[in-house]
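Hi everyone, thanks for making time for this one. I'd like to walk you through a model, so please have the viewer open and follow along.

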Amino acid sequence: MHFTSDFTSDSSADFTPDSSADSSAGFTPGAAPDASPPAVTQRGFVLDGVPGVLWQPAGSSLRARPLVLLGHGGGQHKLGPGVVERAHRCVTRYGWAAVSLDAPGHGERERTAQDERFATEIGQLLAAGRPISAWVARHTAALAERAVPEWRAVLDALEEEADGELGPVGYWGLSLGSVIGIPLAAADSRIAAAVFGLTGHASQVEAARRVGVPVEFLIQWDDELVPREGALAVFGALGSAEKTLHANPGGHLAVPDFELDSSESFLLRRLGRKAGADG
């Protein structure tokens, strides 16, 4: 793993999502439970051509430290305001580390001819007022096939960085983040708990059946991009003995802030808390 940048920010820094960000991707800012939360070190890296960012308490190691994988939504990237805000909360509130990657065709990644063609065709469908859910599902499934081995390679590298003693791993990702996260959780036993949602297509059912970890699953009842029946089918297919469905009215981008807080608490119960700097 080649780290390309490294800087430390004050834990009190204000991260306010901009108006272009996916509103489902940001936690509402709040005070950390500790009186003096740790400063946050942000380290950019590239692994096998895939750019990513790692956040951790300043002066800390990764050994035995819980780690949260943050999957961004479609059209977003690893340093989207919601991702950065959530990563800082992971570090300052709970002493976790967090990592995010640019999904294929997103952020700093080059867009393939297939990516460009998809963007053009989606624009044409929207202009014509035609449904796009099946089209989006096919394209994002192809992205997931590329992204899952990339995430697993990053986990391998971080485990080596932690001297083979990586702490419990959680996953948080909605929409495209779930399209990638479901097969990732099915394939990698290091993931101990996951937050999914805003997704649902028949192509995801087989992988969902192989997910055995605790899951919190979010649905927007009036989602204009994900058919309700598809989302319920994916939730029903999850092989997890412990899984919870959270459904709220509203469209794809209208996930209530309290649900995002709930998912943070869900991960805390499974990953535990870690002291900040530990050398």
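Let's start at one side of the sheet, with strand 1 and strand 2, where strand 2 covers residues 40-47: these two run antiparallel to each other and share seven bridges. If you want a spot to click on, take serine 9, which sits opposite valine 40 in strand 2. Before we go further, please remember that this is a predicted model.

Now zoom out. The sheet is open, has nine strands with mixed pairing, and follows the order 1-2-3-5-4-6-7-8-9. Its edges are strand 1 (2-9) and strand 9 (243-248), each of which pairs on one side only. From one strand to the next, the twist averages 15°.

What packs on this sheet? Helix 3, residues 133-161, does, and it touches strand 1, strand 2, strand 3 (50-57), strand 4 (67-71), strand 5 (97-101) and strand 6 (169-173). The direction of helix 3 makes about 145° with that of strand 5. Helix 4, residues 176-187, packs on the sheet as well, with contacts to strand 4, strand 6 and strand 7 (191-197). For helix 4, the angle to the direction of strand 7 is about 150°.

Let's stay with strand 6 for a moment. On one side, strand 6 pairs with strand 4 in the parallel sense over five bridges, and glycine 71 has glycine 173 as its bridge partner. Strand 6 also pairs with strand 7, again parallel, over four bridges, and there tyrosine 171 stands opposite alanine 194.

So, are the residues of strand 6 buried or exposed? Five of its five residues are buried. Val169, Tyr171 and Gly173 point one way, while Gly170 and Trp172 point the other way. That fits a general pattern: in a regular strand, side chains alternate between the two faces of the sheet.

Last stop, for those of you thinking about docking boxes: the pockets. The largest pocket has a volume of about 1000 Å³. It is lined by 45 residues, and the closest to its centre are Gly74, Val136, Thr140, Ser175 and Leu176. Which helix gives the most to that lining? Helix 3 does, with 10 residues. At least two lining residues each come from helix 2 (113-127), helix 3, helix 4 and helix 5 (205-209). Sorted by class, the lining of the largest pocket holds 22 nonpolar, 17 polar and six charged residues.

That's my tour, and I'm happy to take questions.

Definitions and conventions
Residues numbered from 1 in each chain as written. Predicted model: local features only at pLDDT ≥ 70, side-chain atom pairs only at ≥ 80, totals over all residues. Heavy atoms only, no water. Pairing = 2+ DSSP bridges. Axes fitted to C-alpha atoms, helices over the stretch in contact; angles between N-to-C directions. Contact = heavy atoms within 4.5 Å. 1 Å grid on protein atoms, 1.4 Å probe; cavity = no way out; pocket = protein on both sides within 12 Å on 5 of 7 lines; lining within 4 Å. Points joined across faces, edges and corners; volume = space filled by probe spheres on them. Nonpolar A, V, L, I, M, F, W, Y, C, P; charged D, E, K, R; others polar. Buried < 20%, exposed > 50% of the residue type's maximum accessible area, 1.4 Å probe, protein only.
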